[in-house]
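Here are my comments on the model you sent, set out as numbered points. Please read them with the structure open beside you.

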Amino acid sequence: MSITAICMVGAAGKMGRRIIALGNDDSDIRVAGALEAKDSTFIGIDAGEVAGIGNIGMAITDDFDVATKDADVLIDFTFKTVTLKNLEMYEKVGKPVVIGTTGFENEEVERIKALSNKIPVLLAPNMSLGVNLTFKVLEMVAKAVGNIYDIEIIEAHHRLKKDAPSGTAMKMAEVVAKATNRDLEKDAVYCRRGLIGERKDNEIGIQTIRAGDIVGEHTVMFCGNGERIEITHKAHTRDTFAKGALAAAKWIKDKPAGFYSMFDVLNL
């Protein structure tokens, strides 16, 4: 396999640091650029030092052209406002981009899809192998139970996570809604309080927990009379997401323009 040169967009963030650290240890990856916002206090500091792995000879910069000029693939783990602002630059650079940012509204996803008409774009709310296998399992179970069982989704993350529900929880909701012919826009219930009356048959409950340093936990409950099926994924380290992002970068490097997901990477 040829070496894939990556530019990390959001190099000083939690995910950016882990992707740089694991990418530096991967013989098939070369860290070719590290980008941060102009007001970042990490500008000019070596990306390896920020990632906790020592000097790698790659300073973090706020210059888009400098950061991306030697890269084959851009990996974006930032905030949705930053990603959306960068779409024009991604088109200008014309290189594949892997987006792990979450929290996009439907119309914002459409903007990203529009970019994929011109360059290869991979958008995934969660890049871990386990989570993407869980998506497939959920699809199978949801199709099997149909509308006989009530469906509830509970997700938990660390106290610093800014968006809710998580992108992974929303993807799970989309999967089960499609498999059971439900309309997520109408049937999703995000909060229950007070005298709410009986649960509607088509409801998909999506509940959020934010506490401590929880990396990421998701449980989907299929609840029937006399039994309950629970499918749970727990992430113990961000490295699972970082490894998935690096696998996605390797995979998308030579792909034509198009809109891709981790299902494509994993051949699911």
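1. Helices and strands are taken here as DSSP runs, numbered from the N terminus, with at least four residues for a helix and at least two for a strand. The model is a predicted one, and the remarks that follow should be read with that in mind.

2. With these elements in place, Lys38 can be located in the loop that joins strand E2 (29-35) to helix H2 (47-51). The unreviewed UniProt entry marks Lys38 with the feature "binding site". Lys38 counts as exposed because its relative accessibility is 67%, where exposed stands for values over 50%. Once neighbours within four places in sequence are set aside, the contacts of Lys38 are with Ile43 and Asp62.

3. The same kind of record, again an unreviewed UniProt entry, gives the annotation "active site" to His157 and Lys161. Both His157 and Lys161 belong to the lining of the largest pocket.

4. Is His157 buried or exposed? His157 is buried, because its relative accessible area is 8% and the term applies under 20%. His157 lies in strand E6, which covers residues 150-157. Leaving out residues up to four places away in sequence, His157 touches Ser166, Ile209, Arg210, Ala211, Ile214, Val215, Gly216 and His218.

5. Lys161, by contrast in its setting, is found in the loop between E6 and helix H7 (167-179). Beyond its neighbours within four places in sequence, Lys161 is in contact with Thr102, Ser166 and Arg210. Ser166 and Arg210 thus appear among the contacts of His157 and also among those of Lys161.

6. The unreviewed UniProt entry also carries the annotation "domain: Dihydrodipicolinate reductase C-terminal", which covers residues 130-266. In the model this span is 37% helix and 28% strand, and its end C-alpha atoms lie 11 Å apart.

7. A separate point concerns helix packing. Two packed helices are described by the angle between their axes together with the distance between those axes. For helix H1 (residues 14-25) and helix H9 (residues 239-252), the angle is about 65° and the axes are 9 Å apart, and the crossing of H1 and H9 is right-handed.

8. Which residues of H1 and H9 meet? From H1 they are Met15, Arg18, Ile19, Leu22 and Gly23, and from H9 they are Asp239, Phe241, Ala242, Lys243, Ala245 and Leu246. Sorted by class, the contact of H1 with H9 has 7 nonpolar, 1 polar and 3 charged residues.

Definitions and conventions. Residues are numbered from 1 along each chain as its sequence is written. This is a predicted model: local features need pLDDT of at least 70, side-chain atom pairs count only at pLDDT 80 or more; totals for chains, interfaces and linings use all residues. Side-chain values use heavy atoms; hydrogens and water are left out. UniProt positions are given in the numbering used here, feature names are shortened, and annotations may be inferred rather than shown by experiment. On a 1 Å grid over the protein atoms alone, a cavity is a set of points where a 1.4 Å probe fits but cannot get out, and a pocket is an open set with protein on both sides within 12 Å along at least five of seven lines; lining residues have an atom within 4 Å of a point. Buried means under 20% relative accessible area, exposed over 50%, partly exposed in between (1.4 Å probe, protein chains only). Contact means heavy atoms within 4.5 Å. Axes are lines fitted to C-alpha atoms, for helices over the stretch in contact, and angles run from 0 to 180 degrees between N-to-C directions. A crossing is left-handed if the near helix is turned anticlockwise from the far one by less than a right angle, and right-handed if clockwise. Ala, Val, Leu, Ile, Met, Phe, Trp, Tyr, Cys and Pro count as nonpolar, Asp, Glu, Lys and Arg as charged, and the others, Gly among them, as polar.
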